[in-house]
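Thanks for coming, everyone. Let's walk through one fold together, starting with the sheet and ending with the helices.

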Amino acid sequence: MPFADNQGTRIYWDEQGTDEQGMGEQGTRAPVLLIMGLGYPCSMWHRTRPVLSASYRTIAFDNRGVGRSDVPPGPYSIAGMASDAAAVLDTCGIPTAHVFGVSMGGMIAQEFALQYPSRVQSLILGCTAAGGPNAHRAEPAALEMLRATSQMSREQATEAAIPFIYDPATPRPLIDEDTAQRRPWLPNRAGYLAQLQAILGWESFSRLPRITAPTLVIHGKTDRLVPPGNGEMIAARIPGAKLVLLERAGHLFSTDQTQAAHQPILEFLSSHTGEAWGRDKQGK
């Protein structure tokens, strides 16, 4: 298995796909780095990754505390997890990437863009927030669900979260497919709480205007866990950011509205992809 090492913590990663130019032309465009959310393994990119991998080299990794990555003692920090992402790129020999993060992964992506601006070709922020006192809070029922799940089995907690992360119209078979992806890699309590502490101790609101990468913010309109006002606020704070709000889509918008989500993502990547980067790399 491929692992990156970040100060003694092993981070699992893998890669899929290539760019449209073919295996012999890798390097003509930046790959896509995929960063998943709280308690989720990188296998949860199972709907989006095949679409991206048809045209791009994609790199995905398990955040510390979940999946096949190490579970060091907490608490963790969003900045520390952004450095994990940098370590993965270093291990892959990738200087620059399109960075796509969802939920907590979107927080890590924001921090990565702030800490490593020269390594970000473009930025996609899905169903995420900027943290701190300016964030739009989840509805009380969602917060109660999060508190209650700490006393549940992992299977019970997964079921209890469904009304808060999916749109009411999402077919149950699609939800079950997601659950099957997560089941082998459900986090233990220590890893989950360490990631949660990272979220609670972080904010980017005051720093968002410093992000210079082309940015797409995408959010479901029926997201009950991270309300869409967070996406609107982030897009307003990042210079030139584009905002896409998806109808009938909750927190896991790529399941609720798969095609509607992928279209603007692919269009955005296409508009900020490879040829200029390739010329810069070649010194032309």
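First, a definition: two strands pair if DSSP finds at least two bridges between them. Helices (H or I, at least four residues) and strands (E, at least two) are DSSP runs, numbered from the N terminus.

A word on the source: this is a predicted model, where local features need pLDDT of at least 70, side-chain atom pairs count only at pLDDT 80 or more, and totals for chains, interfaces and linings use all residues. Residues are numbered from 1 along each chain as its sequence is written, and side-chain values use heavy atoms, with hydrogens and water left out.

Now the sheet. In what order do the 8 strands of the open sheet run? The order is β1-β2-β4-β3-β5-β6-β7-β8, and the pairing is mixed. Strands β1 (3-6) and β8 (242-246) are at the edges with a single partner strand each, so one side of each has no neighbour in the sheet. On average, neighbouring strands are turned by 20 degrees against each other, direction ignored. Axes here are lines fitted to C-alpha atoms, for helices over the stretch in contact, and angles run from 0 to 180 degrees between N-to-C directions.

Look at β4 next. Strand β2 (residues 9-16) pairs with β4 (residues 58-61) in the antiparallel sense, over 4 bridges. Trp13 stands opposite Phe61 in β4. On β3, Ile35 also has Phe61 of β4 opposite. Strands β3 and β4 run parallel, joined by 4 bridges.

Ile59 is in β4 too. Is Ile59 buried or exposed? Ile59 has a relative accessible area of 0%, so it is buried. The cut-offs: buried means under 20% relative accessible area, exposed over 50%, partly exposed in between (1.4 Å probe, protein chains only). Leaving out residues up to four places away in sequence, Ile59 touches a list that includes Trp13, Val32, Arg49, Val88 and Cys92. Contact means heavy atoms within 4.5 Å. The C-alpha atoms of Ile59 and Glu15 are 4.5 Å apart, though 44 residues separate them along the chain.

On to β3. Val32 and Leu34 point one way, Leu33 and Ile35 the other, and all are buried. Strand β3 pairs with β5 in the parallel sense over 4 bridges. There, Leu34 has Phe100 as its bridge partner in β5.

Now the helices. What covers the buried residues of α8? The cover includes α3, β6, β7 and β8. Those buried residues are Gly229, Asn230, Gly231, Met233, Ile234 and Ala235.

Next, a helix pair. Two packed helices are described by the angle between their axes and the distance between the axes. The axes of α5 (residues 154-165) and α6 (residues 172-182) come within 12 Å and cross at roughly 135 degrees. The two are therefore oblique to each other. For reference, angles under 35 degrees count as roughly parallel, over 145 as roughly antiparallel, 65 to 115 as roughly perpendicular and the rest as oblique. Which residues meet? Thr158, Glu159 and Ile162 in α5 meet Arg172, Ile175, Thr179 and Arg182 in α6.

Last stop, Glu177, in helix α6. At 39% relative accessibility, Glu177 counts as partly exposed. Setting aside residues up to four places away in sequence, Glu177 touches His46 and Arg47. The C-alpha atoms of Glu177 and Met44 are separated by 9.8 Å, with the two positions 133 residues apart along the chain.
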